[in-house]
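The following exercises are to be worked with the sequence and the coordinates at hand. Each task is followed by a solution in steps.

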Amino acid sequence: MRRKIVCTAGSIVLAIVNGAAVAEEHFTSGASRDTSELVASEAMGEVETILFDGVRIHLLIEDQPFDLSRAEIRDWVRQCARVVAHYYGRFPVDDAWVAIRARRGARVFSGRAFGTAGSAVVNVDIGLRVSRDTLDADWVLIHEMIHFAFPGVARRHHWIEEGLSVYVEAIARANTGALSAESVWRGFLAGMPRGLPQPDDRGLDYTPTWGRTYWGGALFCLLADIRIREQTDGRRTLRDALRGIVDAGYDITQRGDLREVLTIADRATGVSVLIGLYDEMRDQPGIDDLDSLWRSLGVSEQGQSVVFDEQAPLSEIRHALTMRDL
Ligand SMILES: [Zn+2]
């Protein structure tokens, strides 16, 4: 069956089947959608359905001369889905669309996830010359699929959506052995400082800068994961909290009230870490220095190397965070 990818300026809307849109862009940015954009560019491709563990992923690959075969691209999509499924205990939605658009080049470009009534959709742009090694080392599709596991929330809470994707992507890849502990911490040491509050900060809900949205959100997740582990003697983790959200029936195709969602997540761990941390960081700067956090975890960078201190008070938690369990 041939289906058509319909693109807006910058993002795919997706899959027109027999003239009816099965999924369309649904971004709650407040801007009204200009439907005249819908046919800005078009591409045709074959759709196939990947099946695993009761999940259906409809994969649409733009009909362009990729160096990789369709089978290799399909394997990569399946592999990304498995990383996400491993973290959450199951893939967060039963039915999803992944639309791959071709671009010139040899890397993975941007991705975007969105939910409509009944459909979870990822668009990802990849280079025609991309290699399998480049795909396997890339984070974009995993980041986008992690978005499937959280409901749409009010615009001011966008940091939790992006923060979860940034943080969980690294941890989930480490848990499956796809990323080393050194790589996770190198990424966090470089990225987390970008999430720290600047002098005019008004808290995560009221400071919608790139740094606070992506890395401020990721810092929230790291702090939450550590606190949950501390308060439960390592018996519960952020992963349990996030599984609680999915188990309650939330995913990207729905809307959620953040406080309600965090309360459900806290219930899954038995400690009120997420709500507590949210109240600390939502309308005030919160943590403004990472030195003592890195010292407690026993992680530092010396030259090109990441160095671990096994005597550090939180070194056990540091190990547990990136432990391979697949
Ligand atoms: Zn994202």
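**Exercise 1.** Which residues does I275 touch, not counting residues up to four places away in sequence?

*Solution.* The model is a predicted one. Begin with the location: I275 lies in helix α9, which covers residues 273–281. Next, leave out residues up to four places away in sequence; the residues that I275 touches are then L262, T263 and D266. Finally, take V261, which is 14 residues from I275 in sequence: the C-alpha to C-alpha separation of the pair is 9.5 Å.

**Exercise 2.** Classify I275 as buried, partly exposed or exposed.

*Solution.* Count the other C-beta atoms within 10 Å of I275, which gives 15. Burial requires 20 or more, and exposure 12 or fewer. I275 is therefore partly exposed, because its count of 15 falls in between.

**Exercise 3.** Describe the geometry and burial of helix α6, residues 210–231.

*Solution.* First, the span: α6 has 22 residues and reaches 31 Å from first to last C-alpha, close to the 32 Å expected at 1.5 Å a residue. Second, the axis: a bend of about 30° occurs at G216. Third, the surroundings: 16 of the 22 residues of α6 are buried, so that the helix is mostly covered. Last, the exit: D233, just after α6, adopts a positive phi of about 55°.

**Exercise 4.** Assess the confidence of the model by its pLDDT.

*Solution.* Start with the whole protein: the mean pLDDT is 88, and 86% of residues reach 70 or more. Then consider residues 6–42, where the pLDDT is below 50; this stretch has 63 contacts in the model beyond near neighbours in sequence.

Technical notes. Residues are numbered from 1 along each chain as its sequence is written. This is a predicted model: local features need pLDDT of at least 70, side-chain atom pairs count only at pLDDT 80 or more; totals for chains, interfaces and linings use all residues. pLDDT is the predictor's confidence in each residue, from 0 to 100. Two residues are in contact if their C-beta atoms, placed from the backbone, lie within 7 Å. Helices (H or I, at least four residues) and strands (E, at least two) are DSSP runs, numbered from the N terminus. The expected span of a helix is 1.5 Å times one less than its number of residues. The bend at a residue is the angle between axes fitted to the seven residues ending there and the seven starting there.
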